[in-house]
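Open the structure in your viewer and keep the selection box at hand. Each stop below says what to select and what is there.

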Amino acid sequence: MADELLELDAGDGTATLLLPIDGEQAAIAGFVSVSGVRAWERDAVDLDGLRQLAVRIRLVVEAALEYERRRAAALELHRALLPVVPELADLAIAARYVPVGFGADVGGDFYDVVDTDEATFVVVGDVAGSGLRIAADMGRLVPVLRAELTRHRDAGRALDAADQLCFADRLFATAAIVTVDRDRSVAEVRSAGHPPPILRRPDGATAAVIDVGPPLGAGVGGWSATNELLGPGSALALYTDGLIARSDLAADDGIELLRCALDEAPDDLEAACDHVVDELTSRHPLADDAALVVIAPR
């Protein structure tokens, strides 16, 4: 940090003293300013105190920049691990990942779509924790689920494999897998500690009543299936709790906000996702990252 004190004449008998702040990172530049200093007060200014203040400001700013650099790296990794949603002839799918704003770590929210000859599997989940390590852990969990669904085409078996990974590595996660049959008429839901999907039919949207098993990492297994009918004009929304969790809201109230937003959303799924995200983030800023996937038979 430069130690040269600058004195600018204000033209009214006073001066402004400027002590430069120079950091190791080129992005840091500024001054500690003391204005309105009269000539007889000049020698009474605590220069040592100003220098200490300048050092502390530099350290705080450098720490904030380093934190945001690491967050940006975690966010880039996270986004790189999320799949491209496939285009299917008879099933419309739209997805969004919504990172929380400046000053918060990237979470472990994820989604995936696995299409096979027998069924289409839609996965949404959230690894507990935040930061670069959690993004990397999410990057290990998602391929396990995808591989199991591709190989065995069994949502329960996929959750078992994910549970074993999480238990061995002391991770905790929630996940929901929706299995849509080839006729696109039935959605089988299995939940590992995950909040219930929202099902929208032409007569309105409701939170699905499903059996909820233990989260991944508990090591106990057991995820029973709940079937929901997908009729004409229906849509099913899967999400992570970052979309509904707020410090000033109960979980049920957050689900109700999501239900109302989906109920009022356009029929087009891309527009519906945008509407839901806009509605839930404009009224109540996100406290955590969130993922949203909406599916509908064509």
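**Cysteines**

Begin with a search for disulfides across the whole structure, which is a predicted model. The search finds zero. Select C260 to see one cysteine outside any disulfide. Its nearest cysteine sulfur belongs to C273 and is 17 Å away. A disulfide needs two cysteine sulfur atoms within 2.5 Å, so C260 and C273 do not make one.

How accessible is C260? C260 is partly exposed, with a relative accessible area of 25%. Now select C166. That cysteine is buried, at a relative accessible area of 1%. Buried means under 20%, so C166 falls in that class.

**Domains**

Zoom out. Colour residues 6-75 as domain 1 and residues 82-297 as domain 2. How far apart are the C-alpha centres of domain 1 and domain 2? The distance between these centres is 48 Å.

Next, pick V61 and R146. These two residues are 85 apart along the chain. Their C-alpha atoms are separated by 42 Å.

**Helix α2 and the loop after it**

Stay on R146, which belongs to helix α2. R146 is partly exposed, with a relative accessible area of 34%. Show its contacts beyond four places in sequence: they are D112, V113 and V114.

Follow the chain from α2 (132-152) towards α3 (155-169). The loop between these helices holds R153. What is the phi of R153? It is about 55°, a positive value, although R153 is not a glycine. Most residues other than glycine have a negative phi.

R153 is partly exposed, at a relative accessible area of 31%. Display the residues that R153 touches, leaving out those up to four places away in sequence. They are T116, D117, E118, F121 and E148. Then draw a C-alpha to C-alpha line from R153 to F110. The line spans 20 Å, while the two residues are 43 apart in sequence.

**From α3 to β7**

Move on to the loop between α3 and β7, and select R170 there. R170 also has a positive phi, near 60°, and is a residue other than glycine. Is R170 buried or exposed? R170 counts as exposed, with 78% relative accessibility. The cut-off for exposed is over 50%, so R170 passes it.

Carry on into strand β7, residues 173-181, and pick T179. T179 is buried, with a relative accessible area of 13%. Which residues does T179 touch beyond four places in sequence? The contacts are A119, T120, F121, A155, V186, A187 and E188. F121 also appeared among the contacts of R153.

**Strand β6**

Go back along the chain to strand β6, residues 119-130. Select S130 in this strand. S130 is partly exposed, with a relative accessible area of 39%. Add G108 to the selection. S130 and G108 are 22 residues apart in sequence, and 6.3 Å apart from C-alpha to C-alpha.

**The loop between β11 and β12**

Now find β11 (212-213) and β12 (226-229). A218 lies in the loop between them. At 31% relative accessibility, A218 counts as partly exposed.

Which residues are in contact with A218, leaving aside neighbours within four places in sequence? D163, F167 and F172 are. Take F172 and draw a C-alpha to C-alpha line to A218. The two are 46 residues apart in sequence and 7.4 Å apart in space.

**The largest pocket**

The last stop is the largest pocket. Rolling a probe the size of a water molecule over the atoms shows where empty space is left. About 150 Å³ of space lies in the largest pocket. Its lining has 14 residues. Which lie closest to the centre of the pocket? Select E87, I93, A94, E270 and R298.

Show β4 (91-98) and α5 (269-283) as well. Each supplies at least two residues of the lining. β4 gives the most, with six residues.

Finish by colouring the lining by class. Nine residues are nonpolar and five are charged. None is polar.

Notes:
Residues numbered from 1 in each chain as written. Predicted model: local features only at pLDDT ≥ 70, side-chain atom pairs only at ≥ 80, totals over all residues. Heavy atoms only, no water. Buried < 20%, exposed > 50% of the residue type's maximum accessible area, 1.4 Å probe, protein only. Helix = DSSP H or I, 4+ residues; strand = E, 2+ residues; numbered from the N terminus. Contact = heavy atoms within 4.5 Å. Domains from an automatic or database assignment. 1 Å grid on protein atoms, 1.4 Å probe; cavity = no way out; pocket = protein on both sides within 12 Å on 5 of 7 lines; lining within 4 Å. Points joined across faces, edges and corners; volume = space filled by probe spheres on them. Nonpolar A, V, L, I, M, F, W, Y, C, P; charged D, E, K, R; others polar.
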